[in-house]
Structures are given as structure tokens and as C-alpha cells.
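Take a look at the protein shown below. The report after it goes from the whole fold to single residues.

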Amino acid sequence: YLECKRQLMLSSRRARRFVIHCSIFSFPLCCCFMLLAPRFFFQTPAAVAWISHSTITFPRHSFRLFSNTMTTQTKRARIVSPKDLEKCGERLRSGDLVAFPTETVYGLGCHALNESAIQKVFSAKERPLTDPLIVHVISTLDAQDLWAASHDSVEGRALQLLADKFWPGPLTLVAKAASHVPSIVMANTGHVACRCPSHEIARKLIQAAQVPIAAPSANKFGHVSPTKAQHVHDDLCNEDVWIVNDDENGTCHVGVESTVAKLEWTGESGTITVLRQGAVSANDIAACLQQFEEFKDVFTVNVKTKKQNKQDVAQVSPGQCYRHYSPDIPSFMLSSDWKNDNVVDHDTSISTTVVIDFQKKLDSLENHALAYRDLSAAGDSSEAAQAVFETLRWAEQVEGATRIVFPEIIDSEEADSLTLALKDRLQRAASGVVMDSL
């Protein structure tokens, strides 16, 4: 009995020593795994795609938090001069990323025919694979090489006409894609979006790259679009990307993304649908077609700027999500029915509200709000479009701010293309939420 008891006690001590030794050696290994797992899993394109399609809601900058722990020394955005465009072109040809200014916003560019390079864009932006990219080209001929329509077809001639009229400039044309266009760049829809930018640096970069450049806005997906190199760096500082700095020349003079128009041809008639509002209006497109007898009664032009809540539904055009261009603090539209005399001095929420105004619609709040800016007191849509994204980024950084409020812009027959574009961007920044009162 005593011998059995002694053996049991000895076994117990050995077991305890074994557990202690395992704990000592396994604890550092567990810590390493916890630090490295986000680095190797969450930064992969497959993980980005899975999270984008899942029903789980992740914070917008969750990937940035993961990457900060281990990648700050291996990945670092670099701001470069326009003098480095040749080197930037080499980077693009080799499959790396370059952010560059256009007349609309900064784009995050990659080799448009290189699938692994395109994956890097989706990963860096944390962008769902259902949201297509726009391919930037230097000429109409380069775009025709990406479209399936033959040059002498009705569809091909219509695309040529619109390109000749509006390119280089802020119009993106969507049409059926040629067979060699990677499906990932067009969200597997079979339609590719092409644009010829007018910005001098963008054009020089495409020439230096010697390849078409696929480029969405150079920011984290859903955040406010960038119009300065610093905006890009703020969002993508931990990504392997070069950022061409041209802030001295004012860079993005339009200030909002391009108009997106999709051309469809059935064999007897055609439709051109504006999917995203920009500096070129549906009326501009229709007027261009009406100048030529061949297209007068053949094409109809309409507007369908839908708002999509589901990120797992493939889109033909970017910028379709209901929540888009959004600051990092809650943002709302104030109803057009709201009256200036409704200000209540004892409403403490106003004291932590940043007001972004347009045409002095909310000027009575200037002395009550935490901070106030008017995109254009005169109601100039061009001035407001140039300022809107920079102002939204300013507003989210105001110390003590708990919300951002801007006026609801109502459609009217007199509204020009940039007013409609401004309305669209602010509506999506507020996720479509309109408040009747403060």
C-alpha cells in the first residue's frame, strides 16, 4: 500500500512538472502566433474577399490595426516627386502600386492586365471583389483594345464618338469587355470601365508605365475620397505604395469622381445609362449623340444611380454602395424642410456638431456649432465639388466632434451635373439618413 502511494505521488509530481514546462515553452509560442496570425491571414487577398462577402461587420480600419503590429517596418507608403514618374512606371509594370493625382481624385494604380497586381489593390484598400475598377488609358485606341465592340460596329462608333467628345476628361465609359481583360478588374460582370484622364501627371504616368492602369480612389474602402497626397498617406501609410505628390499645382481640380456611363446595344437599339454622377451629365451625353443623324433615334440616355447595401452583389460601376465617401464619425443630412429659426440654444448636441454648409442653407448654426464651413456660400457647384472631400476629412478630425451635419440638396431641373454629383456624394456620406431636426 505504501509503495503504491509513493508511486502515485511521484507520478503526480512528474505530471505537474510536465504541465509547468509545457506552459513555459508554449506561452511565447502562443504570443507569437497571436501577433503573426493577423499579419499572415488578414492581409491576404483571400481573407479580404472572405470578409467582404461575409455577414460579419468589421470596423473600417480593423485591417490597419492588425497591420500596424508587424508591418510598419516591411510596408511603408512613400511620397515621391513627379520627377520619379519613370521609376513609378517601372513599379507598375512589375506589379506594384502607385497612387497618382487625376483631375477627379487620387487613384491607386496597378497594372490593369496583371491579376496579382489587381489583387494588391483590393487588399490595400480592403475593397470587396464585387466592386470593379476603372481602367485608365492614354487614348481611345487603347480603350478600344479593351472593349469587345469592333471599330466599325454601331456600338463601337458610339463609343468612339463619346470618347472623342469627352476625352481626355471625367467620363468613364462601360462596355462589354474583350476576352483578354481579367475578370477581377470588372467584378466578373463581363463589362469593363475605361477612362482617359486629362491630368498631366496621370497621362505621363500611363505613358511611363506602358500599360493600362486600373485605379480606384486611393483610400480605404468606404472612406472619404482623397484629393491630396497627404490624404492618401493618411489612409494607406502602412501599404507598399508610392504616392506621387503634386499638391503644389492644385491637383484634383474637378474634386469628385468621374461620371460613369454604361453603353448597351441590342442589335437594333441602344441604351446609355448613367450609373454615377460626375462632371459630365446625362444631358451632355444625349446632346452629343443628337448631333449625329446616325445616333439620333437609336440610343436613349437615362440615369440609374442605384444605392446598393449588399457588398456581395457584383456591380458594373464603382460608387454604388449606399454608405460611401463616409467620414469616421456619424454624418447626417439636415432636411430641406428644416428652418433656420428652429435653432435651440440649450441643445447641447449642437456644440459638438461640425456643420458643412452649401449656399448658406445652415448659416444660422455657425455660431452654435463646434465648427462650420461653407463649401460655397454663392452656391457655385464647381467650387463646392472641389472642396467637398477635403472638407469632409477636415470635419472628422475636429477635436470633440461627435457628428457632422450638412444640408439636403434637392433635385431640380436647373441643377447642373456637379450639383447632382455633390448631392450624390453627401447623400452616400450620410448613408442616406435625413434628419428633420437637430
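What follows is a short tour of the fold, its spaces, one helix, some aromatic rings and two single residues.

**The whole protein**

This is a predicted model. The protein has 438 residues, and 52% of them are buried. Its secondary structure comprises twelve helices and 16 strands. Consider the contacts between residues at least 6 apart in sequence: 71% of these join residues at least 24 apart.

**Two spaces**

A search of the whole structure turns up three cavities of 30 Å³ or more. The table sets the largest cavity beside the second largest pocket.

| Space | Volume | Lining | Nonpolar | Polar | Charged |
|---|---|---|---|---|---|
| Largest cavity | about 270 Å³ | 29 residues | ten residues | 13 residues | six residues |
| Second largest pocket | about 370 Å³ | 20 residues | six residues | eight residues | six residues |

Which residues lie nearest the centre of the largest cavity? They are Val-105, Pro-216, Ser-217, Glu-257 and Arg-276. For the second largest pocket, the residues nearest the centre are Gln-277, Val-303, Asp-411, Ala-415 and Leu-420.

Three elements each give at least two residues to the lining of this pocket: helix 10 (282-290), strand 11 (299-303) and helix 12 (417-429). Helix 12 supplies the largest share, with five residues.

**Helix 7**

Helix 7 covers residues 154-166, 13 residues in total. From its first C-alpha to its last, helix 7 reaches 18 Å, close to the 18 Å expected at 1.5 Å a residue.

Its buried residues are Glu-155, Gly-156, Ala-158, Leu-159, Leu-161, Leu-162, Ala-163 and Phe-166. An α-helix has 3.6 residues a turn, so residues three or four places apart point the same way. Try looking for that spacing among the buried residues of helix 7.

What do these buried residues pack against? The helices are helix 6 (140-144) and helix 10. The strands are strand 5 (171-176), strand 9 (259-265), strand 10 (270-276) and strand 11. Helix 10 and strand 11 also help to line the second largest pocket.

**Aromatic rings**

The structure holds four aromatic pairs. In one of them, the rings of Phe-295 and Phe-299 have their centres 5.9 Å apart and their planes at 55 degrees, so this pair is tilted. Both Phe-295 and Phe-299 are buried. Ring pairs also bring in Trp-265, which joins Phe-295 and Phe-299 in a cluster.

**Two single residues**

Start with Thr-391. Thr-391 sits in helix 11, residues 381-396. Is Thr-391 buried or exposed? Its relative accessible area is 5%, so Thr-391 is buried; the cut-off for buried is under 20%. Leaving out residues up to four places away in sequence, Thr-391 touches Ile-356, Arg-373 and Leu-375.

Now turn to Ser-336. Ser-336 lies in the loop between strand 12 (331-334) and strand 13 (353-357). Ser-336 counts as partly exposed because its relative accessibility is 36%. That class runs between the 20% limit for buried and the 50% limit for exposed.

What does Ser-336 touch, apart from residues up to four places away in sequence? The answer is Glu-408 and Ile-410. Ser-336 and Met-435 are 99 residues apart in sequence, and their C-alpha atoms are 9.4 Å apart in space.

Technical notes:
Residues numbered from 1 in each chain as written. Predicted model: local features only at pLDDT ≥ 70, side-chain atom pairs only at ≥ 80, totals over all residues. Heavy atoms only, no water. 1 Å grid on protein atoms, 1.4 Å probe; cavity = no way out; pocket = protein on both sides within 12 Å on 5 of 7 lines; lining within 4 Å. Points joined across faces, edges and corners; volume = space filled by probe spheres on them. Helix = DSSP H or I, 4+ residues; strand = E, 2+ residues; numbered from the N terminus. Nonpolar A, V, L, I, M, F, W, Y, C, P; charged D, E, K, R; others polar. Expected span 1.5 Å × (residues − 1). Buried < 20%, exposed > 50% of the residue type's maximum accessible area, 1.4 Å probe, protein only. Contact = heavy atoms within 4.5 Å. Phe/Tyr/Trp six-rings, centres within 6.5 Å; stacked < 30°, edge-to-face > 60°.
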